[in-house]
Amino acid sequence: MKLSFKDGRQGKIHIFVDDEYTLTVDDTFWFSEKWHKVNEINDAELADLTLSVNSRRAFLKGAELLSRRAHGKAELVRKLMQKYPRECAENAADKLENLGLINDEDFAEMLAQELYTHRKYGIGRIKQELMRRGIDRTLAEEAAERLDKDDLNRIILLLQTKYRGNLGDEKGIVRTKNALLRLGYSYSDIRAAFESVETESE
């Protein structure tokens, strides 16, 4: 099969196989690879070229996503797989990681602090959320345990502020306890916090 290309706008290269449009890629990639010197291509080579082009596209999309906010590696791969094949998404994530643009340990620490400080999550819920985002269990546990945490006083503060209006009847108390459990606080800390608030009220 005949392989040819034409310059497009804004640094784009349009690739043709037997004079039929097939792919578009950026000129930086095109002229750094072997393909711009190739005139004939077989099916296996075309598949290799397509994989390379899609991996490049996934890499550029991944870099764009990382410019908006930090991501864990698995989370980024999942997002890229919405548009690109798994192999391309994983290739892109590997390259971004090698460039130092992805670091799961740093991401886990940052996210754990954000969830603890702004979402008011307890340690258990933070671990779950980190693993849901694709962080390895060991990294998730280490990041959560490194937090400067004081769950008991955190719950007392929540009972005195956010949940204060719920404490006037038994149904409100049950709803509040369930909400605190969903936030990841332990039952023992919740019970101790309620006892402390009740003692202060008396």
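In helix H5, the buried residues (under 20% relative accessible area with a 1.4 Å probe, protein chains only) are Asp104, Phe107, Ala108, Leu111, Ala112, Leu115 and Tyr116. They cover an arc of only 155° around the axis, taken from the directions from the helix axis to the C-beta atoms, and therefore lie on the same side of H5. An α-helix has 3.6 residues a turn, so residues three or four places apart point the same way.

This is a predicted model, in which local features need pLDDT of at least 70 and side-chain atom pairs count only at pLDDT 80 or more, while totals for chains, interfaces and linings use all residues. Residues are numbered from 1 along each chain as its sequence is written, and side-chain values use heavy atoms, with hydrogens and water left out.

The buried residues of H5 pack against helices H3 (73-80), H6 (123-132), H7 (137-145) and H8 (151-160); helices here are DSSP runs (H or I) of at least four residues, numbered from the N terminus. At the start of H5, a side-chain oxygen of asparagine 103 comes to within 3.0 Å of the backbone nitrogen of glutamate 105.

What does the largest nonpolar core look like, in number of residues? This core, a set of buried Ala, Val, Leu, Ile, Met, Phe, Trp, Tyr and Cys residues joined through side-chain atoms within 4.5 Å, has 29 residues, and Ile155 is one of those with the most contacts inside it. Its largest share, 6 residues, comes from H5. Beyond neighbours within four places in sequence, isoleucine 155 is in contact (heavy atoms within 4.5 Å) with Leu180, Tyr185, Asp189, Ile190 and Ala193.

How values were computed. Buried means under 20% relative accessible area, exposed over 50%, partly exposed in between (1.4 Å probe, protein chains only). Helices (H or I, at least four residues) and strands (E, at least two) are DSSP runs, numbered from the N terminus. A polar contact is a pair of N or O atoms within 3.5 Å; within protein, one must be able to donate a hydrogen and the other to accept it, and residues adjacent in sequence count only if both atoms are side-chain atoms.
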